[in-house]
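Work through the exercises below with the sequence and the model open side by side. Each task is followed by a solution in steps.

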Amino acid sequence: EETYTAPPDTDAVDVVVKEDSNRLQLLTPFEAREGKTYEDLPILIKVKGKCTTDHISAAGPWLKYRGHLDNISNNMLIGAINAANGKANSVLNEMTGDYDKVPAVARHYKAQGQGWVAVGDENYGEGSSREHAALEPRHLGARAIIVKSFAR
């Protein structure tokens, strides 16, 4: 008896998401790096201590946005402690000289075409929800996450 069922022809599948949906979003591919060398990138945040997936992409009420990358990215690194000022969700926008929320500064840099880096310690990204912890920084313009080690 044959138990294998071939997947449907994906060219015949049309996924429709309402444009005003705040919980679902069609994804577009990230821009390819294409061998670019990045220089003089601002440090968005240097994380003090642990930086688990809960620090990178907090759960709780944010989970309702897990199908909408742009909306869930509003929680990026809001639980991480900034080594520069000892506060969570407070980083210096090097372009304006003002402190603001981590996602707001990342979005400002992205809107200006400015990539950024984040610096962490050991075992960056341990925990669950790793897909959002990886997608959110990239979505908001991260060019590198520099740490002593990554969680496996």
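**Exercise 1. Write down the order of helices and strands along the chain, and describe the protein as a whole.**

Step 1. In this predicted model, the pattern along the sequence is β-α-α-β-β-β-α-β-α-β. It is made up of four helices and six strands.

Step 2. The C-alpha trace spans about 65 × 35 × 30 Å along its principal axes.

Step 3. The protein has 152 residues, of which 32% count as buried; the cut-off for buried is under 20% relative accessible area.

Step 4. Take the contacts between residues at least 6 apart in sequence: 69% of them join residues at least 24 apart.

**Exercise 2. Determine the strand order of the four-stranded sheet and the sense of each pairing.**

Step 1. The order in the open sheet is E2-E1-E5-E6, with mixed pairing. Strands of a sheet pair through backbone hydrogen bonds, in either the parallel or the antiparallel sense.

Step 2. Start with E1 and E2, which pair in the antiparallel sense over two bridges. Here Lys48 stands opposite Ile81 in E2.

Step 3. Move on to E1 and E5, a parallel pair with three bridges. Ile43 has Val117 of E5 as its bridge partner, and Ile45 has Ala118 of E5.

Step 4. Finish with E5 (residues 116–119) and E6, which run parallel and are joined by four bridges. Ala118 is partnered by Ile145 in E6, while Val119 stands opposite Ile146 in E6.

Step 5. Which strands stand at the edges? They are E2 (81–82) and E6 (142–146); each has a single partner strand, so one side of each lacks a neighbour in the sheet.

**Exercise 3. Establish whether the faces of E5 are covered or open, and find a helix that lies across this strand.**

Step 1. Sort the side chains of E5 by face: Trp116 and Ala118 are on one side, Val117 and Val119 on the other.

Step 2. All four of these residues are buried, and both faces of E5 are therefore covered.

Step 3. Helix H3 (residues 102–111) lies across E5 and also across strand E1 (43–48). The angle between H3 and E1 is about 155 degrees.

**Exercise 4. Describe the surroundings of Met76.**

Step 1. Place the residue: Met76 is in the loop between helix H2 (69–72) and E2.

Step 2. Is Met76 buried or exposed? Its relative accessible area is 0%, so Met76 is buried.

Step 3. List the contacts of Met76, leaving out neighbours within four places in sequence: Leu44, Ile56, Val102, Pro103, Ala106, Trp116, Glu136, Pro137 and Leu140. Among them, Trp116 is one of the buried residues of E5.

Step 4. For the backbone, compare Met76 with His55: they are 21 residues apart along the chain, and their C-alpha atoms are separated by 7.9 Å.

**Exercise 5. Characterise the largest pocket by its volume and its lining.**

Step 1. The largest pocket holds about 660 Å³ of space.

Step 2. Its lining comprises 32 residues, and those closest to the centre are Phe30, Pro137, Arg138, His139 and Ala142. Pro137 is also one of the contacts of Met76.

Step 3. Which elements each supply at least two residues of the lining? Helix H4 (130–139) and E6 do so. H4 gives the largest share, seven residues.

Step 4. Divided by class, the lining has 18 nonpolar, eight polar and six charged residues.

**Exercise 6. Find residues other than glycine with a positive phi, and state whether they are buried or exposed.**

Step 1. Most residues other than glycine have a negative phi.

Step 2. Glu34 has a positive phi, near 50 degrees. For Asp40, phi is about 55 degrees and likewise positive.

Step 3. Glu34 is located in the segment before E1, and Asp40 is in the segment before E1 too.

Step 4. The cut-off for exposed is over 50% relative accessible area. Glu34 has 71% relative accessibility and so counts as exposed. Asp40 has 74% and therefore counts as exposed as well.

Definitions and conventions: Residues are numbered from 1 along each chain as its sequence is written. This is a predicted model: local features need pLDDT of at least 70, side-chain atom pairs count only at pLDDT 80 or more; totals for chains, interfaces and linings use all residues. Side-chain values use heavy atoms; hydrogens and water are left out. Two strands pair if DSSP finds at least two bridges between them. Contact means heavy atoms within 4.5 Å. Axes are lines fitted to C-alpha atoms, for helices over the stretch in contact, and angles run from 0 to 180 degrees between N-to-C directions. On a 1 Å grid over the protein atoms alone, a cavity is a set of points where a 1.4 Å probe fits but cannot get out, and a pocket is an open set with protein on both sides within 12 Å along at least five of seven lines; lining residues have an atom within 4 Å of a point. Grid points are joined across faces, edges and corners, and a volume is the space filled by probe spheres set on the points. Ala, Val, Leu, Ile, Met, Phe, Trp, Tyr, Cys and Pro count as nonpolar, Asp, Glu, Lys and Arg as charged, and the others, Gly among them, as polar. Buried means under 20% relative accessible area, exposed over 50%, partly exposed in between (1.4 Å probe, protein chains only).
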